[in-house]
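Work through the exercises below with the sequence and the model side by side, trying each task before reading its solution.

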Amino acid sequence: MKNRIITILALIFSIFIANAQNTPKVPMVKLNNGMEMPQLGVGTFLVKEDAVQRVSYAIKVGFRLIDVAQGYGNEKEVGEGIRQSGIDRSELFVTTKINTTEMRNGTVRESLDKSLADLATGYIDLVLIHWPVEGKIKETWQILEEYIDKGLIRCIGVSNFNPHHLDDLLEYARIQPVVNQIEVEPYLTQQKVVGYTFQKGIQVQAWGPLGQGITGVLEDPVIGEIATRHGKSIAQVILRWHMQRGLVTIPRCDNDAHTEENIRIFDFELSPAEMEIISGLNRDQRSNSKNDPDNFPW
C-alpha cells in the first residue's frame, strides 16, 4: 500500500513538472521606474459575458499580463477571472485605463475607486490615460500621481499618445509615464511614434496587434509564406514580429484555442530579412479611421 502511494505521488509530481515545462515562459521588460512587466499579455476589449472564463484560461496557460479598461465595462468580470485562475496575485500584472468620459466629467477619482473595487486585486499595477483628451490630461495625470503616492497604483502611463502629447506631458509630470500603448500591427507599424516613445525612455505597448481581426493582416500571403517556413500560424508570426521589435503586446483573449496558440511563440525566431519584409507591409492603415489621437470622437 505504501509503495502504491509513493508511486501515485511520483506520478502526480511528474505530471506537475511536465505541465510546468510545457508552459511557455514570457520574457519580462524593465520599465523606467525599475519595475518589470511581461512582454506578452492578453487584452479584454469586447470580452464581456464570458470574460471570467476567458481570462481565467489565459492565466492558466501562462499569461500574466491582463489588460482591461474602464470603457470595456468588464473590470468586475476580469477581476473574477483572475481570482478563479488560482494564480497568486503577486505573479500578475494588471492594467486598466481611465475612460474619456470620466476625464471630461471630472470624475477620475471616483472612476479609479470603482476600478479598484471592481477588479478587487488590492492594487492596480498600471493605469493608463486611455485617450489624450484635450485640456484634461494634466489634471488626470496629477490625480494618478496621487494614487501612486497612496500605494493603490504601482505604475502610470498613457495610451494613444502622439509625440507632441508626450512632450506636453513630460513638461509637468512629477512621475514619468512608463508605457505608451498605441495601435500597432504590420499594416500600421507606427515607426515614428514607436521610435520617439522609446527615445523618451518609455516602453511601447501594442494594442490591436493582429489588426483586430478586421484589417486583413491575418490573411496576408506574404506573412503566410513566412509562417509556412517556420511551421507557425500567421498570428504567431505577427506576434513574434512584435516581440522582436521590443514591443509589449496584448492579443485579445476571446477564443481559448487562439489564446493557447498566441503564447507559443518563443520557440522560433524571425530573421532580420523576415522582420524587414513584415515591416515593409505598412499601409498606415488603422483598424478604425476614427482612431486618430489628434481627432477622435469619443
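**Exercise 1: a salt bridge between helices**

Task: find what joins the side chains of E146 and R109, and which parts of the chain the pair ties together.

Solution: The side chains of E146 and R109 form a salt bridge, with N and O 2.9 Å apart, where a salt bridge is a side-chain nitrogen of Lys or Arg within 4 Å of a carboxyl oxygen of Asp or Glu. Because E146 belongs to helix α6 (residues 137-149) and R109 to helix α5 (residues 108-119), the pair ties together parts that are 37 residues apart in sequence. This is a predicted model, in which local features need pLDDT of at least 70 and side-chain atom pairs count only at pLDDT 80 or more, while totals for chains, interfaces and linings use all residues. Residues are numbered from 1 along each chain as its sequence is written, and side-chain values use heavy atoms, leaving out hydrogens and water.

**Exercise 2: accessibility**

Task: decide whether E146 is buried, partly exposed or exposed.

Solution: Buried means under 20% relative accessible area, exposed over 50%, and partly exposed in between (1.4 Å probe, protein chains only). E146 has 29% relative accessibility and therefore counts as partly exposed, and R109, at 36%, counts as partly exposed too.

**Exercise 3: a second pair**

Task: describe the pair R174 and D149.

Solution: The closest N and O atoms of the salt bridge between R174 and D149 are 2.8 Å apart. R174 lies in the loop between α7 and β8 (179-183) and D149 in helix α6, so this pair ties together parts 25 residues apart in sequence. Both R174 and D149 are exposed.

Key:
Helices (H or I, at least four residues) and strands (E, at least two) are DSSP runs, numbered from the N terminus.
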